[in-house]
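This report looks at burial, salt bridges and helix packing in one chain, and it begins with a question about a single charged residue.

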Amino acid sequence: MSLFGRRKTVFVDSDVLVVGGGMAGCGATYESRYWGRDLKIVCVEKANIERSGAVAQGLYAINCYMGMQWNENQPEDHVRYARNDLMGLVREDLGYDIARHVDSTVHKFDEWGLPMMKDPETGRYLREGKWQIMIHGESYKPIVAEAARKAATEVYNRVMVTHLLMDETKPNRVAGAVGFNVRTGDFYVFRSKAVIVAAGGASHIFKPRAVGEGMGRTWYAPWSSASAYALPIMVGAKMTQMENRIVLTRFKDGYGPVGAYFLHLKTYTENAYGDEYESKWYEQTKELVGDYIDRQPVPTCLRNHAFLEEMKAGRGPIRMVTKEAFQDPHKETVGWENFLGMTIGQAVVWASQNIDPKYINPELTTSEPYVMGSHATCSGAWASGPEDYAPADYQWGYNRMMTVDGLFGAGDTVGGTAHKFSSGSYTEGRIAAKAAVNYVNDLKNDRVQVSETQYQNLKEKIFQPLENYRIGRNEIVAGTVSPSYILPMHGLQRLEKIMDEYVGGISANYITNDPMLTRGLELLDMLKEDLSHLAAEDLHQLQRAWELHHRVLASESVTHHTKFRTETRWPGYYYRGDHPKLDDTDWHCFTLSQYDSESGDWTMEKAPVYHIVD
Ligand SMILES: Cc1cc2nc3c(=O)[nH]c(=O)nc-3n(C[C@H](O)[C@H](O)[C@H](O)COP(=O)(O)OP(=O)(O)OC[C@H]3O[C@@H](n4cnc5c(N)ncnc54)[C@H](O)[C@@H]3O)c2cc1C
């Protein structure tokens, strides 16, 4: 019997299927139960929701909280803030929708036992900055996961979703997903009326600074493998702002967060000679972006820009001045705790490099680019907005439904709405779930249809790398290089090199141009051809193989978007060397792409940006 024939197939039918049990996925699972008491709610996760996603290690701050009960901020304020930080381009309807609901999410976390820091004088949540509140958040994810587990009909941990299923009777309607258990190798067919994709962002599409044995040390979680983008892209969902990759200024080598340092400890940066440098680049930046440099707070990308220019001028390294703040024992404790609840690796790196921030100002660096929709950038799917707030151009169905019927998204998956962070992603999961339940209820007895041919074809494709290995391995006496297959690690390194060199990664100083992007696309095409020769030694490598597929497709999307937008909208994130300036006349708009999986063609278009909040 063949490898495909003897493999067990597990069928799971549901009303709402949540793909990815991170912050947005847990929010979606929890809320689906609230609105759909009698519905079958299934959450499928490639790791274990207890400790999965970007919040796996915990967080030290919830970065999106309005504080409306104390009149600290209003949702409109947050829209203005995010719009400013993204150089004018955000989906204000989606951002407003999250901001008006996010406080209730945070209050739930508090109720469920997440230890929140309180201001001893006012009794309010302790602010780290205007939008951030401080938590003892090592157990943030288990707390959030517990509520999702109790709400779900079933949670399938250790099942990686590789493809979405499409309905055979209705064009452009999703019908579920398929994947495999990364421990048992069982094949899963999830048939569902609605699907919410909440599969996180994308690291490791650009070559990371840390390579070799240290390559897992990236800022964004190394297991964020672009499924959130590839799954919808494969079925023709429109994507937006995929060029808007993020580059972070972080502590060198451990990528420890700087937010608490800047905002709470009031530390600041200086160049190698002890000079303040940001103001030196003011005129030059103004030449590039006009009065966006005068906005307050200064957009994140422009602060990166000053950092990069100062480094290029030969006055690095840039350091965080911690020596002053760390003389205060309270601040010293907060400085260390900040890492222990969130990025322990940074404390370990400092220990290993003999850095005590009380006596040595630690170095900062800029990361390789990542793609995500929930942090300070907004790549992701083009989603329908809230009925009561979105302009007509942004509304074609249910809230957070993509351009494919029944397919919803939340968190890193959804584009156009930066600065949602953990609490906003969870909130968006809740919003998407409410809409998905309405969608399911409106379907009444209409069932999704999936033929055996559709899932059997996918089954064969999914497990092919195991077969490639079984056969190809015989041609090798020793070592890993085969004449007939490539391993996932080889493919990943090839992808990272292409993206790094041609699409604006670290070794190109984040610069690219049309000829480079064109060549990058040619090389990505060749890489894509070779993916049918991927080989997997075991189930773990099979997961790596499918993560690579997802990363490659998302990378292709990033490259097309970067080529389409002929301006440099976010200096500090990336530069178009052939179009070095911001161009508000032609490019104050969203970029949209759509992939045709039959032909492999991408279609690009512009969509208007509406400023709803004044
Ligand atoms: C280093 C770092 C620091 C941050 N700091 C803060 C902070 O201080 N405060 C704050 O509020 N926010 C912070 N954030 C942001 C916050 O973590 C994210 O906004 C949030 O986790 C996004 O939620 P999500 O559900 O979209 O993605 P995630 O939480 O990453 O969840 C995605 C889930 O999908 C699963 N998955 C992926 N692919 C598949 C697949 N193919 N099949 C099945 N499952 C899959 C993953 O395993 C994961 O569980 C930080 C993020 C990072 C990376």
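Is Asp186 buried or exposed, and what is its relative accessible area? In this predicted model, Asp186 has a relative accessible area of 15% and is buried, because buried means under 20%. Its salt-bridge partner is Lys8, with the closest N and O atoms 4.0 Å apart. The two residues belong to distant parts of the chain, 178 residues apart, since Asp186 sits in the loop between strand E7 (174–181) and strand E8 (187–197), while Lys8 is in the segment before strand E1 (9–19). Lys8, with a relative accessible area of 51%, is exposed.

**Salt bridges**

The count of salt bridges comes to 45, and the table lists some of them.

| Pair | Closest N to O distance |
|---|---|
| Asp186 and Lys8 | 4.0 Å |
| Arg565 and Glu243 | 2.7 Å |
| Arg295 and Asp291 | 3.5 Å |

Arg565 and Glu243 are both buried. Their side chains meet in a salt bridge that links distant parts of the chain, with Arg565 in the loop between H15 and strand E17 (575–576) and Glu243 in the loop between strand E9 (239–240) and strand E10 (249–251), 322 residues apart. In the pair formed by Arg295 and Asp291, Arg295 is partly exposed at 31% relative accessible area, and Asp291 is partly exposed at 44%. Salt bridges that share partners also join Asp97, Arg100, Asp388, Arg400, Lys420 and Glu428 into one network.

**Nonpolar cores and a surface patch**

The largest nonpolar core holds 94 residues, of which Leu164, Phe190, Tyr229 and Leu407 touch the most other members. Helix H15 (residues 539–564) gives the most to this core, contributing six residues. A second, separate core has 43 residues, among them Val16, Cys26, Tyr140 and Ala147. On the surface, Leu340, Ile344 and Val348 make a nonpolar patch of about 260 Å², and Val348 belongs to helix H10 (residues 344–352).

**Helix H9 and contacts across the sequence**

Helix H9 (residues 329–340) consists of twelve residues and reaches 16 Å from its first C-alpha to its last, close to the 16 Å expected at 1.5 Å a residue. Within H9, the residues Glu332, Val334, Gly335, Asn338 and Phe339 are buried, and because they cover an arc of only 165 degrees around the axis, they lie on the same side of H9. Val334 has 6% relative accessibility, and its C-alpha atom is separated by 8.8 Å from that of His264, 70 residues apart along the chain.

Thr300, in helix H8 (residues 300–312), is partly exposed at 29% relative accessible area. Thr300 and Gly572 are 272 residues apart in sequence, yet 8.2 Å apart in space, C-alpha to C-alpha.

How values were computed. Residues numbered from 1 in each chain as written. Predicted model: local features only at pLDDT ≥ 70, side-chain atom pairs only at ≥ 80, totals over all residues. Heavy atoms only, no water. Patch = residues over 30% accessible without salt bridge, like charges linked within 9 Å, V, L, I, M, F, W, Y side chains within 5 Å. Areas by Shrake-Rupley, 256 points an atom, 1.4 Å probe, with all protein chains shown as cover. Helix = DSSP H or I, 4+ residues; strand = E, 2+ residues; numbered from the N terminus. Core = buried A, V, L, I, M, F, W, Y, C linked by side-chain atoms within 4.5 Å. Buried < 20%, exposed > 50% of the residue type's maximum accessible area, 1.4 Å probe, protein only. Expected span 1.5 Å × (residues − 1). Arc of directions from axis to C-beta.
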